[in-house]
Amino acid sequence: MAELRTERLLLRQWREEDLDPFAELNADPETMRFFPSPPSRAESDALAERARRQIEAEGWGLWAVEVAEGASFIGFVGLARPSFEAHFTPAVEVGWRLGREHWGRGYATEAARAAVGYGFEELDLDEIVSFTSLLNEPSSRVMERLGMTHDPADDFEHPRVPAGHPLRPHVLYRLSRSDWAVS
Ligand SMILES: CC(C)(COP(=O)(O)OP(=O)(O)OC[C@H]1O[C@@H](n2cnc3c(N)ncnc32)[C@H](O)[C@@H]1OP(=O)(O)O)[C@@H](O)C(=O)NCCC(=O)NCCS
């Protein structure tokens, strides 16, 4: 099973002890302001369990992230297959969600770089995408720091967000293996 190490972080399999801090960050309205409805405790646990099973089955997924010389769980970063249909699916996306106290330190970008590197180098993917609500600028900035590019023609209405909801319009960013290789 793949664990990824970066200068400051460890991307690892989920543990039972992660469930409480994960539920706490999922219950934080500021962290979840770009999600139409924050997950309940049961949904938070189920999300962690799905991520754990995906990593167990395939060796990669949305990894739990810990700071090597600090917090033992700060959120998740990793790769996933979007579970809805859109013009860019099937695809592999890179995604992230960190507790608020861990923002502003470059952790999401550092972890995502390792995940993207794994996707291109170990999984041999041709392309990795990422998407977020048009309003979620912090998340788009992570995509830009990763060298991903945005074509407005790719923007889409997220099928799981109700029509007319302000969070429904989404931006799509793409990164090809060839662009990654030269970056
Ligand atoms: C999206 C999210 C992970 C972004 O967090 P973030 O802290 O802005 O992103 P990073 O961890 O990459 O940190 C980058 C910031 O740290 C700063 N920074 C400080 N020290 C740094 C260091 N040593 N190295 C790199 N950057 C550093 C950078 O300048 C940058 O700040 P800026 O955006 O104000 O310029 C965070 O807002 C989040 O978890 N949100 C809730 C969940 C969510 O919306 N997920 C996405 C759904 S699609």
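**Entry 1: the cores**

Which residues have the most contacts inside the largest nonpolar core? I looked this up and found Trp14, Trp63 and Val94, in a core of 47 residues. My working definition: a nonpolar core is a set of buried Ala, Val, Leu, Ile, Met, Phe, Trp, Tyr and Cys residues joined through side-chain atoms within 4.5 Å. Buried means under 20% relative accessible area, exposed means over 50%, and partly exposed is in between, with a 1.4 Å probe and protein chains only.

A note on what I am reading: this is a predicted model, where local features need pLDDT of at least 70 and side-chain atom pairs count only at pLDDT 80 or more, while totals for chains, interfaces and linings use all residues. Residues are numbered from 1 along each chain as its sequence is written, and side-chain values use heavy atoms, with hydrogens and water left out.

Back to the large core: its largest share, nine residues, comes from helix H3 (residues 107-121). Helices (H or I, at least four residues) and strands (E, at least two) are DSSP runs, numbered from the N terminus. I also found a second, separate core of seven residues, which includes Phe88, Val129, Phe156 and Leu172.

**Entry 2: strand S6 and its partner**

Next I checked strand S6 (residues 127-133). Six of its seven residues are buried, so S6 is largely enclosed by the rest of the structure. Which way does S6 pair with strand S9 (residues 169-176), parallel or antiparallel? The two pair in the antiparallel sense, over seven bridges; pairing requires that DSSP finds at least two bridges between the strands. In this pair, Ser133 stands opposite His170 of S9.

I picked Thr132, which lies in S6, for a closer look. Thr132 is buried, at 8% relative accessible area. Its C-alpha is 7.0 Å from that of Leu172, although the two are 40 residues apart in sequence. Leaving out residues up to four places away in sequence, Thr132 touches Ser139, Ser140, Met143, Pro169, His170 and Val171; contact means heavy atoms within 4.5 Å.

**Entry 3: helix H4**

Some of those contacts led me to helix H4 (residues 137-145), where Ser139, Ser140, Val142 and Met143 are buried. They cover an arc of only 150° around the axis, which puts them on the same side of H4. The arc is that of the directions from the helix axis to the C-beta atoms. What do the buried residues of H4 pack against? I noted strand S5 (93-98), H3, S6 and S9.

Then I looked at the two ends. Asn136 caps the N-terminal end of H4, with a side-chain oxygen 3.2 Å from the backbone nitrogen of Ser139. Just after H4, Gly147 takes a positive phi of about 85°.

**Entry 4: the ligand**

How many residues surround the ligand? I read 21, and the closest are Trp96, Leu98, Gly104, Ala108 and Thr109; a residue is near a molecule if one of its heavy atoms lies within 4 Å of it.

I listed three polar contacts to ligand oxygen atoms. The term means a pair of N or O atoms within 3.5 Å; within protein, one must be able to donate a hydrogen and the other to accept it, and residues adjacent in sequence count only if both atoms are side-chain atoms.

- A backbone N or O atom of Gly104 is 2.6 Å from a ligand oxygen.
- A polar backbone atom of Arg105 is 3.2 Å from a ligand oxygen.
- A polar backbone atom of Tyr107 is 3.1 Å from a ligand oxygen.

**Entry 5: Arg8**

Arg105 and Tyr107 came up again when I looked at Arg8. Arg8 sits in the loop between strand S1 (4-5) and strand S2 (9-12), and is partly exposed at 31% relative accessible area. Not counting residues up to four places away in sequence, its contacts include Arg105, Gly106, Tyr107 and Glu110. The side chains of Arg8 and Glu110 make a polar contact of 2.7 Å.

**Entry 6: loops**

Where does Asp28 lie? I found Asp28 in the loop between helix H1 (19-26) and helix H2 (41-58), buried at 14% relative accessibility. A polar atom of the Asp28 side chain is 3.0 Å from the backbone nitrogen of Glu30, and a polar contact of 2.9 Å joins the side chains of Asp28 and Thr31.

Asp124, in the loop between H3 and S6, has a positive phi of about 60° although it is not a glycine. Asp124 is exposed, at 52%.

My last stop was the cis peptide bond between Thr89 and Pro90, with omega about 0°. Pro90 belongs to the loop between strand S4 (75-80) and S5.
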